[in-house]
Amino acid sequence: VGDTVTGEHASGAGRRYDIIIVGAGVVGCAIARQLAAYDLSIAVLEKCSYVVSGQSKGNGAVIHGGHDPHPGTVKAPLNIRGNAMMRDLCASLGVTWWGCGVYVVAYDEREQGILRQLLDQASVNGVKGARIIDRDEVRRTEPNLGPAVHSALSVPSASMVDGMRLVIALAEQAAVNGVEFHFAREVTAVHVEHGAVTGVTAGGERFNAPVVINCAGVNTDLVMRMAGLEPLRIIPRIGQYWVFDRDYGMIVSRPCFQVPIPGGKGIVLHPTVHGNTVVGGDSVPVDDRTDTGTTAEGLEVVRRSISRLAPNLDYGRLIAAYCGIRSATPDGDFLIEASAEVRGLVNVAGIASPGLTAAPAIAEDVRDMVDRLLPLKERAGGLRPHRIQPVFRDMSGAEKEEALRLDPTHGTVVCRCEYVTEGDVRAALLAPLPARTLDAVKVRTRAGMGRCSGAFDLSRLLSIMSRELGVPPWTILKNDPPSSVVIGDTRPGAVDA
Ligand SMILES: Cc1cc2nc3c(=O)[nH]c(=O)nc-3n(C[C@H](O)[C@H](O)[C@H](O)COP(=O)(O)OP(=O)(O)OC[C@H]3O[C@@H](n4cnc5c(N)ncnc54)[C@H](O)[C@@H]3O)c2cc1C
């Protein structure tokens, strides 16, 4: 877990890079991919054991149309540009994109007034095709919504993606283009000499670079403070979600938001690109930025809130709950700046929603900032294309035949709920950013994300990983230390590793 994974650079400590990126969420990975097109040596330092460990893991995966940000904010045009880039980006990376649109639902005339304000914002922001639709159209197009629905704002340019595989694919494309990823490297110091950044200390080791890009999510303020800056205030806000069984189906055919709540876009009932139904996304400020545990009270608030929109949800079909933490700021806007006080430090802070949507556009803007610090020269041949390895269940019949011919272990199903094969797990272990923890295999393949929450597949995953990696199962962690799931063999010598 502690070492970099991109081939020959087992440890980059002490090396000099052109650029260090702090944090491997969607923003850090999108920036890494963008900069990988240039003749640069780049290291991404991530405190956790794999990519997709922060906010980017716990979001709604909606590619927002752009009706929500206030005109004039930094985030409004980034939302619009990111939305416009997402379809082609996903196609090039082999990531699922679904042009489903969204509704924001009102229950009465007063709320319809809020929809009109949102429509005005949408129009100023440049959102195409947004309009208010009446109750009949809402009920005709979403027959499972409750009778209390009055009208809705329809935003057809919004979409959904496989958010976790998007981050992995961005990171992989960066990695195959030479970017080094160093996991388990928490940045604890930023070194500044004569007003310019010179590097960081991460995982107790020194990494040197004249440009440091701070994409540490909910910790961006801490990294700014390490550089001696007066940071913007991050007020973490959690959002909790219920997940229904895939067999229960998609209750709606697009995300259906309720009108915005303070600090959030409104509690939403949404399908996923995998076929689940999800409800949630409350927005509650918290003191502890590390605590992403769900709470019975918070989930009950979500259940009560959504009951008007979807009165007939069968809570007997729930399979999981999760919580994400937003790096919200008092003014609700993004801060994307090349620091005026510390030359070479670029801060990408306060990237709460719609940060997933905006990430590719943020990456372009950061590229332009870097160009002013360190003139960029395109690499010979440009950015090498890359597509994330598809999982067996998503392959066509012919692709399945070929995959089985190349790796017959695709014939063994490891995760029954999500239909993940042994071949998928082996592919995850061999990927450009190889999975080394159970959670890394999970975010890549969905093994353990189904109804049994891993009860069926955990022991199989452990033995496959142990065999393929040549390590005892008790050295395989769920995610970051200490998170072992087995502690040793009960019969010494029974496990061959
Ligand atoms: C509940 C919820 C719902 C959301 N829904 C949507 C949505 O539907 N659509 C949308 O567009 N956006 C949505 N968002 C927002 C979106 O998820 C975020 O804007 C986006 O993920 C931010 O990405 P990031 O890379 O900035 O942060 P993160 O994903 O948090 O990445 C930061 C990384 O930095 C690492 N790190 C932190 N400190 C250090 C350190 N000291 N050293 C090294 N590494 C460090 C962390 O481990 C983490 O991996 C939602 C967010 C939440 C929480």
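Reader: What follows α5, and what sign does its phi have?
Author: Helix α5, residues 163-176, is followed by G178, whose phi is positive, near 100°. Helices here are DSSP runs of H or I with at least four residues, and strands are E runs with at least two, numbered from the N terminus. This is a predicted model, in which local features need a pLDDT of at least 70 and side-chain atom pairs count only at pLDDT 80 or more, while totals for chains, interfaces and linings use all residues. Residues are numbered from 1 along each chain as its sequence is written, and side-chain values use heavy atoms, with hydrogens and water left out.

Reader: OK, and how far does α5 reach from its first C-alpha to its last?
Author: The 14 residues of α5 reach 20 Å, close to the 20 Å expected at 1.5 Å a residue; the expected span is 1.5 Å times one less than the number of residues.

Reader: Why would you call α5 largely enclosed?
Author: Because 13 of its 14 residues are buried, α5 is largely enclosed by the rest of the structure. Buried means under 20% relative accessible area, exposed over 50%, and partly exposed in between, with a 1.4 Å probe and protein chains only.

Reader: Switching to strands: which way do the side chains of β1 point?
Author: In β1, which covers residues 19-22, I19 and I21 point one way while I20 and V22 point the other way, and all of these residues are buried. In a regular strand the side chains alternate between the two faces of the sheet.

Reader: Which strands does β1 pair with, and in what sense?
Author: With β2, residues 42-45, β1 pairs in the parallel sense over four bridges, and four bridges also join β1 to β13, residues 211-214, again running parallel. Two strands pair if DSSP finds at least two bridges between them.

Reader: What stands opposite what there?
Author: On the β2 side, V22 stands opposite L45, whereas in β13 the residue opposite I19 is V211.

Reader: Now the backbone oddities. Where are the cis peptide bonds, and what are their omega values?
Author: One joins S353 and P354, with omega about 5°, and another runs from P481 to P482, with omega near -10°. Most residues other than glycine have a negative phi, and most peptide bonds are trans.

Reader: Where do P354 and P482 sit in the chain?
Author: P354 lies in the loop between β21, residues 345-349, and α8, residues 355-373, while P482 is found in the segment after α12, which spans residues 458-469.

Reader: And which residues other than glycine have a positive phi?
Author: A61 is one of them, with a phi of about 60°, and A184 is another, with a phi near 55°.

Reader: Where is A61, and is it buried or exposed?
Author: A61 belongs to the loop between β2 and β3, the latter being residues 62-63, and at a relative accessible area of 13% A61 is buried.

Reader: What about A184: which loop, and what accessibility?
Author: The loop holding A184 lies between β9, residues 180-182, and β10, residues 187-193. Its relative accessibility is 31%, so A184 counts as partly exposed.
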